[in-house]
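Colleague: Got a minute to go through this model with me? Start wherever you like.

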Amino acid sequence: MIANITIVGGTHGNETSGIQLVRNWQQFGVPSAYKGLSIDCYLSNMAAIDANVRFVEEDLNRQFTPALLARQPQCQEARLAHALNQQWGPKGESDIDLLIDIHNTTSAMGATLIILQADEFHTQLARYVKQQMPEANILVEDEKPPAEHAYLCSIGKRGIMIEVGAQPQGVLRADVYDLTERMALAILDFVKAYNSDSVPELPPCDVFRFIENITFPLSEDGERLAMIHPALQDNDFAPVSAGEPVFLSFDGQPQTWQGETIYPHFINEAAYHKLHVAFATATKAQL
Ligand SMILES: [Zn+2]
């Protein structure tokens, strides 16, 4: 039974679609079809939202590991994380049955549902969302146990993220907003079915399983030597096999992928600039 749902926007203060959806549902109410569910809508990083920045000092969505929550907070977002952990947690003991954290990305990932585990609940959820929105992507980040994740959504008993793009930072696009809202409603439809034991039997669906982040080629001084190859740009979740170009070096040479076929995503994500992350890789699987 999913009794308590919390929907969060503004964990990154310049990701506007989740912020606007939460504001709209706070102002006008959650659509009446979901009145039977206990849903709390919340904006998490108000200082970052007001400043229209991803974060003020550090990334709020990287503050929720057990180790970071156990130590004295060192920055504004760490203090906020501790406060949210008090309010909603503590992590591991939360009353929130499902925490839905809404993000958007500058990468062309379409509507992506990120789940942190592939247990029965999340498997059924993934299949249901995929059936309602065939264009949606399901990204499984179960490379570590859910509780070890640094994400805000990991406070809840179950935590998931809606990640939609491409949308520039600080910009609200109606098409991205629409995908965000449709995915949120598909998730709530699933919860209604789950609570009334009426989830239909659904066939396995294709998912992408996270492997690792790939950084840009760097010089010894840490300067970038290449950009994303135009053949890769905007092709999130399309397969890339050995020998296909992924980078274009500044002297005009393509650099090719070596290794097993991958499904790149978060390609050229603006927020990963400081980390020099060029894209993340995934395998394709069935869930
Ligand atoms: Zn985000």
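**Cores and metal site**

Modeller: This is a predicted model. Its largest nonpolar core has 46 residues, and I5, I7, I100 and I187 have the most contacts inside it.

Colleague: Which helix gives the most to this core?

Modeller: Helix 6, residues 174-195, with ten residues.

Colleague: And what is I187 in contact with, leaving aside its neighbours within four places in sequence?

Modeller: I187 touches L98, I100, L113, L125, V129, I160 and I162. Another core lies apart from the largest one; it has 26 residues, including V8, F64, F237 and Y272.

Colleague: Switching to the metal. What coordinates the zinc ion?

Modeller: H12 and H103 each coordinate the zinc ion through ND1, and E15 does so through two OE entries, at 2.0 to 2.4 Å. Along the chain the donors follow the spacing H-x2-E-x87-H.

Colleague: Where do E15 and H103 sit in the chain?

Modeller: E15 is in the loop between strand 1 (4-9) and helix 1 (16-28), while H103 is in strand 3 (residues 98-104). They are 88 residues apart, so the pair links distant parts of the chain.

Colleague: Are E15 and H103 buried or exposed?

Modeller: Both E15 and H103 are buried.

Colleague: Why is the arrangement around the zinc ion irregular?

Modeller: Because the four donor atoms subtend angles of 57 to 149 degrees, and a tetrahedral call needs all angles between 85 and 135 degrees.

Colleague: Last topic. What does UniProt place at residues 204-282?

Modeller: The unreviewed UniProt entry has "domain: AstE/AspA barrel-sandwich hybrid" there. Over residues 204-282 the chain is 0% helix and 34% strand, with the end C-alpha atoms 18 Å apart.

Methods: Residues numbered from 1 in each chain as written. Predicted model: local features only at pLDDT ≥ 70, side-chain atom pairs only at ≥ 80, totals over all residues. Heavy atoms only, no water. UniProt positions renumbered as here; feature names shortened; annotations may be inferred. Helix = DSSP H or I, 4+ residues; strand = E, 2+ residues; numbered from the N terminus. Core = buried A, V, L, I, M, F, W, Y, C linked by side-chain atoms within 4.5 Å. Buried < 20%, exposed > 50% of the residue type's maximum accessible area, 1.4 Å probe, protein only. Contact = heavy atoms within 4.5 Å. Donors = N, O, S within 2.8 Å, 3.2 Å for Na, K, Ca; no water. Tetrahedral: all angles 85-135°; square planar, octahedral: opposite > 155°, others 65-115°.
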